[in-house]
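Dear colleague,

I am passing on the structure that you will be working with, and below it I describe what was found in it. Please keep it open while you read, so that you can look up each place as it is mentioned.

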Amino acid sequence: MDDKTELKGKQRYAAGVLKYAQMGYWDGDYEPKDTDILALFRITPQDGVDATEAAAAVAGESSTATWTVVWTDRLIAADQYRAKAYRVDPVPGRPGEFFAYIAYDLILFEEGSIANLTASIIGNVFGFKPLKALRLEDMRFPVAYVKTFKGPPTGIVVERERLDKFGRPLLGATTKPKLGLSGKNYGRVVYEGLKGGLDFMKDDENINSQPFMHWRDRFLYCMEAVNRAIAETGEMKGHYLNITAGTMEEMYRRGELAKETGSTIVMIDLVIGYTAIQSISEWARQNDMILHLHRAGHGTYTRQKTHGISFRVIAKWMRLAGVDHIHAGTAVGKLEGDPATVQGYYNVCREMKNEVDLPRGIYFEQDWANLKKVMPVASGGIHAGQMHQLLDLFGDDVVLQFGGGTIGHPMGIQAGATANRVALEAMVLARNEGRDILNEGPQILRDAARWCKPLGAALDTWGDITFNYASTDTSDFVPTASVS
Amino acid sequence: MRITQGCFSFLPDLTDEQIVAQIEYCLRNDWAIGIEFTSDPHPRNTYWEMFGNPMFDLNDAAGFMMELQACRAEHGDCYIRVNAFDSTRGFETVRHSFIVNRPAVEPTFTMTRTEVRGRTVNVTLTTNR
């Protein structure tokens, strides 16, 4: 008996155990419909398990299958509920790993619910024994499904219009030390950074309402700092007030104070969960609030190449769920990220339509159906001396966050902020003039440092700092090198 | 007080030659260029006066510089900014904006705090002209 061909009729429904392919979860001739949701998994079958059967098993376990034949399948149009594995390719240069393409009929998913989507796609299947490892690499959502989500409450265009900032990346910094400061001391750091030239300051992911600083204290002092800095510069500024809390009721309460004190932006952590994110997104939409998402926790499942979920999939889910900012990597900083792969995440956030781009890890076309664009945030171990690389890699629509690179400046926080702003504006000016910033960048910075002492001090302190480690999550289609 | 709105406020004021280079960048991107001026740079003052409509059919930076000179002659003691508009689907907004003229004496802002509930304050900024 051919164990890759679907059985039909009586033979199919005899009690007992069949191969998943025989149960109808593999169809090498299947042409995905425009309305199907598509997923690409990297599968590493156990020794002796056929790749096609493993792909069929993933399709089965992420849709209708259970381990044995059940007669109750015959009460429904079962074939249409079964996900179909339709293509299996060996991963280039990675023996034992395969890319499995799987199509899901739209009826399998509830509209506007990331929780429902993910309960299917990543619900059970990642613990499935016949696989050594499983990774969700990419997804394609049909326009019909995209339109069931409201997406980012503000989006890049409206955020820039509200802030009156155009033509350059935005600048931010995370308040440090991340834990321990009193509200009053904390607000001081916020004021200094903003007055010195940053657009945003930021709470860190684990600043909520600990014994050293009650959240109301933080909000009140931070907004005093924001408003003073606006008055001293004539320029719009903000602080991402982290409203992450133990319950939705408490999060709404914190959001209300942020609104009452005139904040333009609030912040949440990815660990609050998909439904909480969708709820607070709706609140943000109703309250003119930009919504910043810190991707706290993602490294536990996005980093390893063979198991987990690629961050590009998380970025797609978050654009649907509706956040305005998302941390998407720096490529040049202290945290994991191969440059091409990171650019792929940025494109997911910012393009109206993604084309297939294998070197950047984009496996499917994705039409975003006019869903607003998400502002990516580059944060973690970056400094003014890398400005030319950051501008070249990421362009204008990004928030560049220099936490240590602002607060650790030898001349003080304001000087640190000024150094970053001058470096940025000098680099944008030079790029627009047609200069080759990637090669001339260090000289452009040195020239600006001649009249800007804080920039000179920043370059002297950090100019040679790099985090030059090989990435673990690299592209499968080009040789990659870490940018130093 | 130096107002730091616009793309290049932390750099020394741009020379005309530098302004021309930025205009040429905008033209390469097919953006329409508008000139706006105001005497009130309050951060919530969104609508500065337009010095004519955005220039949609501009061919070179020389034409822009003539307009800018005319605006400076009439409103030399105002802020003047250049806005570049992109009509590409998905943007349809300003893509570049920078100040090209400042008054001899720049205004300051008064921050008025009104105590409301508990320790909450509402803040109002007023331009001192």
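In this predicted model, the contact between the two chains brings together 27 residues of chain B and 30 residues of chain A. On the side of chain B that touches chain A, the elements that give two or more residues are helix H1 (16–28) and the strands S4 (93–101), S5 (108–115) and S6 (121–128) of chain B. The largest share of that side, six residues, comes from S4(B). Sorted by class, the side of chain B that touches chain A consists of 16 nonpolar, eight polar and three charged residues.

Next, you may like to look inside chain A, beginning with strand S5 (residues 170–174), where five of the five residues are buried. In a regular strand, the side chains alternate between the two faces of the sheet. Both faces of S5(A) are covered, with Leu170(A), Gly172(A) and Thr174(A) buried on one side, and Leu171(A) and Ala173(A) buried on the other.

S5(A) also has strand partners, and one of them is strand S15 (residues 399–401) of chain A, which runs parallel to S5(A) and is joined to it by three bridges. Within this pair, Gly172(A) stands opposite Gln401(A). Strand S6 (residues 200–202) of chain A likewise pairs with S5(A) in the parallel sense, over three bridges, and there the bridge partner of Gly172(A) is Phe200(A). To get from S5(A) to S6(A), the chain passes through helix H8 (residues 183–196) of chain A, and this β-α-β crossover is right-handed.

Another mostly covered element is helix H3 (residues 51–61) of chain A, in which ten of the eleven residues are buried; among them are Thr52(A), Glu53(A), Val58(A), Gly60(A) and Glu61(A). The cover over the buried residues of H3(A) includes helix H2 (21–25) and the strands S1 (37–45), S2 (84–90), S3 (98–104) and S4 (131–140) of chain A.

Which residues touch the most other members of the largest nonpolar core? In this core of 169 residues, they are Val58(A), Ala85(A), Ile102(A), Ala423(A) and Leu455(A). Helix H17 (residues 413–432) of chain A gives the most to this core, namely twelve residues. If you would like to follow one member in detail, Leu455(A) touches Ala384(A), Ala419(A), Val422(A), Ala423(A), Leu445(A), Ala448(A) and Ala449(A), when residues up to four places away in sequence are not counted.

With best wishes

Technical notes:
Residues numbered from 1 in each chain as written. Chains lettered and ligands numbered in written order. Predicted model: local features only at pLDDT ≥ 70, side-chain atom pairs only at ≥ 80, totals over all residues. Core = buried A, V, L, I, M, F, W, Y, C linked by C-beta atoms within 7 Å. Buried ≥ 20, exposed ≤ 12 C-beta atoms within 10 Å, placed from the backbone. Helix = DSSP H or I, 4+ residues; strand = E, 2+ residues; numbered from the N terminus. Contact = placed C-beta atoms within 7 Å. Pairing = 2+ DSSP bridges. Right-handed = clockwise from strand over helix to strand, strands pointing away. Nonpolar A, V, L, I, M, F, W, Y, C, P; charged D, E, K, R; others polar.
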